[in-house]
Amino acid sequence: MMAVDERLIALIDEHPEVFEGYKIELLRGDIVMMAGPDWVHNDIVELVRDQVPGDRWQRKTTQDIAIPGEDSEPQPDLLVMEQGAFEGPGRLVPAAAATLIVEVVSKTSALRDYHQKRSMYAAGRVPAYLIIDPFAAKCVLLTEPFGTGEKADYRTERTSKFGEPVPLDLMDVTLDTSDFRTLPGTPR
């Protein structure tokens, strides 16, 4: 981690009230701050989390991820991992512990979610990455990561419209997307 990152973390720790309501991520060396998410965004995250059985899976929102070989600490909207895959302590969960990472597209995150985070999560060998886009009313499930660095990607991409089921075969779960709501506009 760079010195500026350590100073920012110290500043956040000393004055949390200044940063309240912001999501802060380190993405390939850039510090990205975003305002709190939309209600529809949070509703979708909650609907996904509630469909993943808690007896087998840990379901964490806004948990920082450590990706080997990356100057990045993304904070996905939802991290799903098997119970016991990571016990802490600390704010960084190794990408290797993740089974599924979910990002819900916001007005300002489309490019990062569809491209930058796609290659970061693939580089971290996250087995499944689900992009939920309330602007386009679709889910994109990416599996089978390969490659390294910015050239890392997923071999398999499956797109489903809202209302269609999304099978998460790695977890033996099928997401019901019929209650996912949309947002107006097209930030993509």
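Okay, let's start with a pair of strands: S8 and S9 run antiparallel to each other, and six bridges hold that pairing together on paper. If you want a spot to click on, Ile 131 sits opposite Val 140 in S9. Before I go on, please keep in mind that this is a predicted model.

Now, what joins those two strands? The hairpin of S8 and S9 has four residues between the strands, and in it Ala 137 takes a positive phi near 55°. Ala 137 is partly exposed, with a relative accessible area of 23%.

Carry on along the chain and S9 pairs again, this time with S10, residues 153–161. Those two are antiparallel as well, with eight bridges. One of the pairs there is Pro 145 with Tyr 154 in S10. The hairpin of S9 and S10 has six residues between the strands, and here Gly 147 is the one with a positive phi, near 85°.

Let me zoom out for a second. The protein chain has four helices and 12 strands. Of its 188 residues, 45% are buried. Take the contacts between residues at least 6 apart in sequence: 56% of them join residues at least 24 apart. As for the outside, the chain exposes about 9,600 Å², and carbon and sulfur atoms supply 50% of that.

So what's in the middle? The largest nonpolar core has 49 residues, and Leu 130 and Ile 132 touch the most other members. H3, S5, S7, H4, S8, S9, S11 and S12 each put in at least two residues. Which element gives the most to this core? That's H4, with six residues.

Let's stay with Ile 132 a moment. Leaving out residues up to four places away in sequence, Ile 132 touches a list that includes Ile 44, Val 48, Val 102, Val 104, Phe 162 and Phe 180. Glu 103 and Lys 138 are among the residues touched, too.

Two of those names, Ile 44 and Val 48, take us to helix H3, residues 39–51. H3 has 13 residues and reaches 19 Å from its first C-alpha to its last, close to the 18 Å expected. Which residues of H3 are buried? Val 40, His 41, Ile 44, Val 45 and Val 48. Looking down the axis of H3, the buried residues fall within an arc of 140°, so they line one face of the helix. Trp 39 and Asp 50 are on the other side, and both are exposed. And what does the buried face lean on? The buried residues of H3 pack against strands S5, S7, S8 and S12. So we're back at S8, our starting strand.

Last bit: the backbone oddities. Most residues other than glycine have a negative phi, and most peptide bonds are trans. Against that background, Arg 125 is worth a look, with a positive phi of about 60° although it isn't a glycine. You'll find Arg 125 in the loop between H4 and S8. Is Arg 125 buried, exposed or partly exposed? At 40% relative accessibility, Arg 125 counts as partly exposed. Ala 137, from the hairpin earlier, is another non-glycine residue with a positive phi.

Then there's one for the peptide bond people: the bond joining Gly 88 and Pro 89 is cis, with omega about 5°. Pro 89 is in the loop between S5 and S6, and S5 is one of the strands that the buried residues of H3 pack against.

That's my tour, thanks!

Terms used
Residues are numbered from 1 along each chain as its sequence is written. This is a predicted model: local features need pLDDT of at least 70, side-chain atom pairs count only at pLDDT 80 or more; totals for chains, interfaces and linings use all residues. Side-chain values use heavy atoms; hydrogens and water are left out. The expected span of a helix is 1.5 Å times one less than its number of residues. Buried means under 20% relative accessible area, exposed over 50%, partly exposed in between (1.4 Å probe, protein chains only). The arc is that of the directions from the helix axis to the C-beta atoms. Contact means heavy atoms within 4.5 Å. Accessible areas come from the Shrake-Rupley method with a 1.4 Å probe; for residues, only the protein chains shown count as cover. A nonpolar core is a set of buried Ala, Val, Leu, Ile, Met, Phe, Trp, Tyr and Cys residues joined through side-chain atoms within 4.5 Å. Two strands pair if DSSP finds at least two bridges between them.
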